[in-house]
Amino acid sequence: MTQPPVQPVDGDHAAGRKASISREDILAAALKLIGPHRSVSTLSLREIAREAGIAPNSFYRQFRDTDELAVALIDLAGRSLRKIVGEARYRAKTDRSIVRSSVEAFMEQVRADDKLLHVLLREGTVGSDAFKHAVDRELNFFEEELRVDLIRLTRAQGIPLREPALVAKAITRLVFAMGAAAMDSPPEKDPELIRQLTMMVRMIIAGSRTLAAS
């Protein structure tokens, strides 16, 4: 006698649901739900599972909870942005062009509907402690890379900086704060914002050089 097929315990093969799914698929589903006024920290597990086309229990095969998913998104966003800004800095030839090209690259990503960047800019202020720690870790990565660049420029130009690590931190925090504000402003304001932000960064560097020379 033919036995009936065994039904999956967690409903993975229910109508419209996928039998298996990767971490990347779940991250992509979460990103689809994020918008200008919707933070990843407000997403529920069931929402994400429904968008991904899986049973809620299947979520736990890839992530412990939504906090872990949000941290993974922040890590992914940080790697993506560091690559973009790093390439812009690499192409630049002088400290003036490095500042300008880095700021322009950053703002281009803000306007490119880059939801990963939006996660990075927003979660540091509205997310849980786990989110905030993840954002802070990414900012520290940016600061360290910028510190190395500043020291390299200092050696090449023979113009010392006072506390390059603190300069890198001031620049990074300023750029991210301005970027978060830019997300809520119209794109036509970008040229003036880029001009102001570039000037602010140059002022920080000039002030550090003045202090080093005093």
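**Helix packing and the nonpolar core in a predicted all-helical model**

The axes of helix H1 (residues 23-33) and helix H2 (residues 45-52) come within 8 Å of each other and cross at roughly 110°. The two helices H1 and H2 are therefore roughly perpendicular to each other, since angles of 65 to 115 degrees fall in that class. The model in which this crossing is found is a predicted one. On the side of H1, the contact is made by Ile 26, Ala 29, Ala 30, Lys 32 and Leu 33, which meet Glu 47, Ile 48, Glu 51 and Ala 52 of H2. By character, the residues of this contact comprise six nonpolar and three charged, with no polar ones.

Ala 29 offers a detailed view of the contact between H1 and H2. This residue is placed in helix H1 and is buried, its relative accessible area being 4%. When residues up to four places away in sequence are not counted, Ala 29 touches Ile 48, Glu 51 and Ala 52. With the last of these partners, Ala 52, the C-alpha to C-alpha distance from Ala 29 is 5.2 Å, although 23 residues separate the two in sequence.

Helix H2 has a buried side and a face turned away from it. Its buried residues are Leu 45, Ile 48, Ala 49 and Ala 52. Viewed down the axis of H2, these buried residues fall within an arc of 100°, so they line one face of the helix. Such an arrangement can be read against the geometry of the α-helix, which has 3.6 residues a turn, so that residues three or four places apart point the same way. On the face turned away from the buried side of H2 are the exposed residues Arg 46 and Arg 50. Just after H2, Gly 53 adopts a positive phi of about 80°.

With respect to the chain as a whole, the secondary structure comprises nine helices and zero strands, and the pattern read along the sequence is α-α-α-α-α-α-α-α-α. The protein has 214 residues, of which 43% count as buried. Among contacts between residues at least 6 apart in sequence, 69% join residues at least 24 apart.

In soluble globular proteins, nonpolar side chains tend to be buried together. The largest nonpolar core of this model holds 56 residues, and within it Leu 69, Leu 73 and Phe 106 touch the most other members. Two or more residues are given to this core by each of H1, H2, helix H4 (66-91), helix H5 (95-111), helix H6 (115-126), helix H7 (129-157), helix H8 (164-182) and H9. Helix H4 gives the most, with nine residues. For Leu 69, leaving aside neighbours within four places in sequence, the contacts are Ile 26, Leu 27, Ala 30, Val 40, Ile 48, Phe 59 and Phe 63. Two of these partners of Leu 69, Ile 26 and Ile 48, also take part in the contact of H1 with H2.

Contacts across the sequence are further illustrated by Val 99, which lies in helix H5. Val 99 is buried, with 8% relative accessible area. Residues up to four places away in sequence being left out, Val 99 touches Thr 198, Val 201, Arg 202 and Ile 205. The C-alpha atoms of Val 99 and Arg 202 are separated by 7.4 Å, whereas the two residues are 103 apart along the chain. Helix H9 (residues 190-213) also holds Ser 208. With a relative accessibility of 4%, Ser 208 counts as buried, and its contacts, not counting residues up to four places away in sequence, are Leu 161, Arg 162 and Val 167.

Two residues that are not buried complete the description. Glu 163 is located in the loop between H7 and H8 and shows a positive phi of about 50° although it is not a glycine. Its relative accessibility of 47% makes Glu 163 partly exposed. His 133 is found in helix H7 and is exposed, since its relative accessible area is 56% and the class begins over 50%. The C-alpha atoms of His 133 and Val 71 are 8.8 Å apart, with their positions 62 residues apart along the chain.

Conventions
Residues numbered from 1 in each chain as written. Predicted model: local features only at pLDDT ≥ 70, side-chain atom pairs only at ≥ 80, totals over all residues. Heavy atoms only, no water. Axes fitted to C-alpha atoms, helices over the stretch in contact; angles between N-to-C directions. Parallel < 35°, antiparallel > 145°, perpendicular 65-115°, else oblique. Contact = heavy atoms within 4.5 Å. Nonpolar A, V, L, I, M, F, W, Y, C, P; charged D, E, K, R; others polar. Buried < 20%, exposed > 50% of the residue type's maximum accessible area, 1.4 Å probe, protein only. Arc of directions from axis to C-beta. Core = buried A, V, L, I, M, F, W, Y, C linked by side-chain atoms within 4.5 Å.
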